[in-house]
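Reader: Before we discuss any geometry, please show me the model and its sequence, and then let us work through it question by question.

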Amino acid sequence: MKFFISKNEEINQAQEEAKKLRALKLVEGGYPNLYVSAKIAELTGDKTTYIKNRAFNKEHYKQMIILFLRQYKVANRKDIDDLLLDKLSDALDEKQKRKYIGNLLQEMSKKDKTIVNQGSSRYPKWVLTN
């Protein structure tokens with residue numbers, strides 16, 4: 001007798017397993033981008049990979065953008081991408097990193113009001129607000 005499991009059931013099962021591992025502090029990150037915890041990384045001697053996978057908090061990246069703009073006065077999207085892409089978690093793929101940067105710029109512009117786009121949406125020129 002064969003049992004068939006739907007794709008949704010497989011995903012739900014994997015998410016439940018991830019929750020259990022997270023509760024035991026064996027993994028960190030959001031499903032499906034999980035990575036070993038600091039404790040496991042230390043035990044296995046893989047501390048550098050852990051640090052590369054663990055993201056800094058959002059404020060750290062915002063401060064990097066602010067420091068860049070204080071120094072150079074203006075930044076286009078390529079400047080911001082060049083500044084942050086290699087600093088973001090290795091657990092994210094390229095598309096996720098770019099989306100994260102876009103969300104960060106929007107938050108700084110709309111919510112925090114620390115930067116403003118003086119260019120267009122296609123060719124942004126970010127500057128600090130005064």
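Reader: What span should H4 have at 1.5 Å a residue, and how far apart are its end C-alpha atoms?

Author: This is a predicted model, in which local features need pLDDT of at least 70 and side-chain atom pairs count only at pLDDT 80 or more, while totals for chains, interfaces and linings use all residues. Residues are numbered from 1 along each chain as its sequence is written, and side-chain values use heavy atoms, with hydrogens and water left out. Helices (DSSP runs of H or I, at least four residues) and strands (E, at least two) are numbered from the N terminus, and the expected span of a helix is 1.5 Å times one less than its number of residues. For the 15 residues of H4 the expected span is therefore 21 Å, and the end C-alpha atoms agree, being apart by 21 Å.

Reader: Which elements do the buried residues of H4 pack against?

Author: Buried means under 20% relative accessible area, exposed over 50%, and partly exposed in between, with a 1.4 Å probe and protein chains only. In H4 the buried residues are Tyr61, Lys62, Met64, Ile65, Ile66, Phe68 and Leu69. Taking contact as heavy atoms within 4.5 Å, these buried residues pack against H5, H6, S3 and S4.

Reader: Which element gives the most residues to the largest nonpolar core?

Author: A nonpolar core is a set of buried Ala, Val, Leu, Ile, Met, Phe, Trp, Tyr and Cys residues joined through side-chain atoms within 4.5 Å. The largest one has 18 residues, with Ile65, Ile80, Leu84, Ile101 and Leu105 having the most contacts inside it. Two or more residues come from each of helix H4 (58–72), helix H5 (77–84) and helix H6 (94–111). The element that gives the most, with six residues, is H4.

Reader: How are H4 and H6 oriented to each other?

Author: With axes as lines fitted to C-alpha atoms, for helices over the stretch in contact, and angles running from 0 to 180 degrees between N-to-C directions, the two axes come within 11 Å and cross at roughly 75°. Angles under 35 degrees count as roughly parallel, over 145 as roughly antiparallel, 65 to 115 as roughly perpendicular and the rest as oblique. H4 and H6 are therefore roughly perpendicular.

Reader: Is Gly119 buried, exposed or partly exposed?

Author: Gly119 lies in the loop between strand S3 (115–117) and strand S4 (126–128), where Gly119 touches Pro124 and Lys125, not counting residues up to four places away in sequence. Because its relative accessible area is 33%, Gly119 is partly exposed.
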